[in-house]
Every structure is written in structure tokens, then in C-alpha cells.
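Reader: I am new to this structure and would like a close look at a single part of it, followed outward to whatever it touches. Please choose one enclosed space and take me through its surroundings step by step.

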Amino acid sequence: MVAMIYGNGGFVWVLYALFFMLVGGSFVHGDGGAWLDAHATFYGADQNPTSLGGACGYDNTFHAGFGINTAAVSGALFRGGEACGACFLVICNYNVDPKWCLRRRAVAITATNFCPSNNNGGWCDPPRAHFDMSSPAFLTIARQGNEGIVPVLYKRVSCRRKGGVRFTLRGQSNFNMVMISNVGGSGDVKAAWVKGSRTRTWMPMHRNWGANWQANVDLRNQRMSFKVTLIDGRTLEFVNVVPSSWWFGQTFSSMVQFS
């Protein structure tokens with residue numbers, strides 16, 4: 001049996017199945033892929049876990065819809081910022097490290113930051129897969145008192161979000177930068193377009209950094225629509241999600257979400 005507990009904008013899976021069933025099977029909302037080996041550490045123990053948005057540009061992980069179960073991932077997983085918002089299911093590999101791993105525990109985390117090379121003793125160097133997790137996420141799967149590295153197994157899973165996709169407006173005048181967050185489905189955005197109520201055509205946006213997308217066009221005093229394509233190819237349009245009275249710094253949540 002698998003119990004799902006929701007809270008803090010994320011979800012923790014507490015597993016009551018045998019370990020071999022967990023490794024051999026697939027999870028609800030998983031992609032059916034194989035479990036892969038990696039290692040995990042934690043960071044930000046003395047920081048507010050909602051502030052660990054880092055290289056993806058999320059100002060606050062609660063505001064972005066991700067809660068506190070987040071991680072900085074190594075370059076092999078980060079993919080130049082493309083992985084921002086992606087979800088992973090992570091378990092501590094008890095068979096390898098029974099001293100520090102908690103049995104039958106897993107945590108679903110969102111990639112919100114980048115773990116650079118030459119960090120954590122080189123564990124984030126390519127081609128290694130590594131998760132530098134928020135302290136609450138790490139302590140869901142590993143014992144208190146361990147400040148080292150634990151072996152983990154991970155796989156991609158679909159992101160379950162509350163509410164619709166969110167668009168935070170940044171930039172100035174004819175430089176529009178939009179942070180796209182709270183994305184369900186695969187969670188990681190491959191491409192984005194914007195359209196003003198007076199432009200009528202979709203204009204491609206370019207990834208500025210992390211989850212921030214830019215378009216060098218002045219759309220002030222216009223309603224704005226967005227079109228978003230995820231890594232898995234699914235595309236949704238968010239028509240007139242931003243009213244013409246918008247200003248920089250505001251966040252608008254759509255009524256539409258990837259499943």
C-alpha cells in the first residue's frame with residue numbers, strides 16, 4: 001500500500017511496500033522509467049527553505065508553488081536551466097547505506113537551483129547526477145545527524161500542482177521578462193511565446209536564465225496571452241491571462257494547468 005500525504009505545496013510519499021517492489025515497479029504519476037543511481041546532500045539548514053530558488057530565479061519557492069521540498073541539481077540534471085520546475089522522486093538507497101538511509105521513505109522534489117562543479121567535494125561534477133536538497137526534503141529520507149552524502153535512487157515523475165500556471169512579470173518598458181512557475185505535467189518548460197492584445201501574433205520568447213523568459217517588445221497597456229510547450233511536447237495556451245492594467249512585479253495565475 002502507498003499512502004500519499006500532501007502539504008507545504010509539495011507531497012511526500014510514505015511507502016509501505018517492500019523495497020524491491022519500490023525499485024522494480026513504477027509510481028503513480030511516474031513516467032514508467034527506470035530508477036537511476038545518484039547521491040544526495042543537503043544545504044540551507046540555516047536558511048529559510050523557501051528562499052532556495054537560486055539559479056532558476058524563483059524568488060520564493062512557496063510563491064512559485066513548489067513548497068519546501070526542493071533541490072539544487074548537478075549539471076547533468078540541470079541542463080542549462082531547462083530542468084527548472086521538473087519533479088523527481090528520490091529514495092535513499094537503504095541497501096547501500098543502512099546506517100543513514102530511512103527505509104521505505106521517498107520524497108518528491110522540484111528542481112529549483114543549480115549545484116555547480118567543484119562543489120560538495122566534486123559530487124556535482126559532470127557526468128554525476130546529484131541532488132543538493134533542502135534540509136526538510138533530505139531529512140524525509142535520511143536520518144537526522146548525517147551531514148554527509150547518501151546514495152539515492154531517483155526517477156522523473158509528473159508534477160502535481162495546486163491551481164494554474166503562474167506568470168510573474170519582470171523587466172522594464174520594451175524588455176519583458178516573465179517567470180513561469182507552478183507548472184504541472186513534466187514541469188520543465190521547453191519553449192514559450194507571448195502575444196499582446198494588439199499584436200495578434202505569437203512572438204517567441206527566449207530563456208534569459210532559469211525559469212525566466214524574455215521578449216524584446218513593449219506590451220504595456222495590452223492584455224497578454226502566453227503559449228507554453230513542455231519538454232514532453234505538450235502545449236497549452238493561456239489566453240488573456242494578464243489584463244491590460246498589469247505592471248511589473250505582479251503575478252497572474254491562470255485557470256489552466258498541465259496534467
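**The second largest cavity and its surroundings**

Author: The residues that line the second largest cavity are Y58, G81, C84, I180, V183, G187, V189, R207, G210, A211 and W213. The model you are looking at is predicted, and every value given here is computed from it. The structure holds three cavities of 30 Å³ or more, and the volume of the second largest is about 50 Å³. Its lining is made up of seven nonpolar residues, three polar ones and one charged one. Two domains contribute to this lining, since at least three residues come from domain 1 (36-156) and at least three from domain 2 (166-253).

Two of the lining residues, C84 and V189, are good places from which to look further. To begin with C84, this residue forms a disulfide with C56, with 2.0 Å between the two sulfur atoms. A disulfide is a covalent bond between the sulfur atoms of two cysteines. The link of C56 and C84 is left-handed, with -90° about the S-S bond. C56 sits in the loop between β3 (36-43) and β4 (70-74), while C84 sits in the loop between α2 (75-78) and β5 (87-92), so the bond ties together parts that are 28 residues apart in sequence. Both of these cysteines, C56 and C84, are buried.

This bond is one of four disulfides in the structure, and two others can be set beside it. C87 and C159 form a disulfide in which the sulfur atoms are 2.1 Å apart, and because the torsion about its S-S bond is about 125°, the link of C87 and C159 is right-handed. C87 belongs to strand β5 and C159 to the loop between β8 (150-157) and β9 (166-172), so this pair ties together parts that are 72 residues apart in sequence. C87 has a relative accessibility of 4% and therefore counts as buried, and C159, with a relative accessible area of 4%, is buried as well. C115 is joined to C124 by a disulfide with an S to S distance of 1.9 Å; the torsion about the S-S bond of C115 and C124 is about 85°, so this disulfide is right-handed. C115 and C124 are both buried. When the bonded cysteines are counted along the chain, the disulfides follow the pattern 1-2, 3-8, 4-5, 6-7.

Returning to the cavity, we can now follow V189, which is part of the lining and falls within strand β11, residues 189-196. Strand β11 runs antiparallel to strand β15 (residues 224-230), and seven bridges join the two. Strand β11 also pairs with strand β12 (residues 203-204), in the antiparallel sense and over two bridges. V194 takes part in both relations: this residue stands opposite F226 in β15, and V194 likewise stands opposite M203 in β12. In a regular strand the side chains alternate between the two faces of the sheet. Strands β11 and β12 form a hairpin that has six residues between them, and R200 in the turn has a positive phi of about 70°.

Starting from one cavity, then, the path has led through C84 to its disulfide with C56, and through V189, in the lining, to a strand that pairs with β15 and with β12.

Methods:
Residues are numbered from 1 along each chain as its sequence is written. This is a predicted model: local features need pLDDT of at least 70, side-chain atom pairs count only at pLDDT 80 or more; totals for chains, interfaces and linings use all residues. Side-chain values use heavy atoms; hydrogens and water are left out. On a 1 Å grid over the protein atoms alone, a cavity is a set of points where a 1.4 Å probe fits but cannot get out, and a pocket is an open set with protein on both sides within 12 Å along at least five of seven lines; lining residues have an atom within 4 Å of a point. Grid points are joined across faces, edges and corners, and a volume is the space filled by probe spheres set on the points. Ala, Val, Leu, Ile, Met, Phe, Trp, Tyr, Cys and Pro count as nonpolar, Asp, Glu, Lys and Arg as charged, and the others, Gly among them, as polar. Domain bounds come from an automatic or database domain assignment. A disulfide is a pair of cysteine sulfur atoms within 2.5 Å. Helices (H or I, at least four residues) and strands (E, at least two) are DSSP runs, numbered from the N terminus. Buried means under 20% relative accessible area, exposed over 50%, partly exposed in between (1.4 Å probe, protein chains only). Two strands pair if DSSP finds at least two bridges between them.
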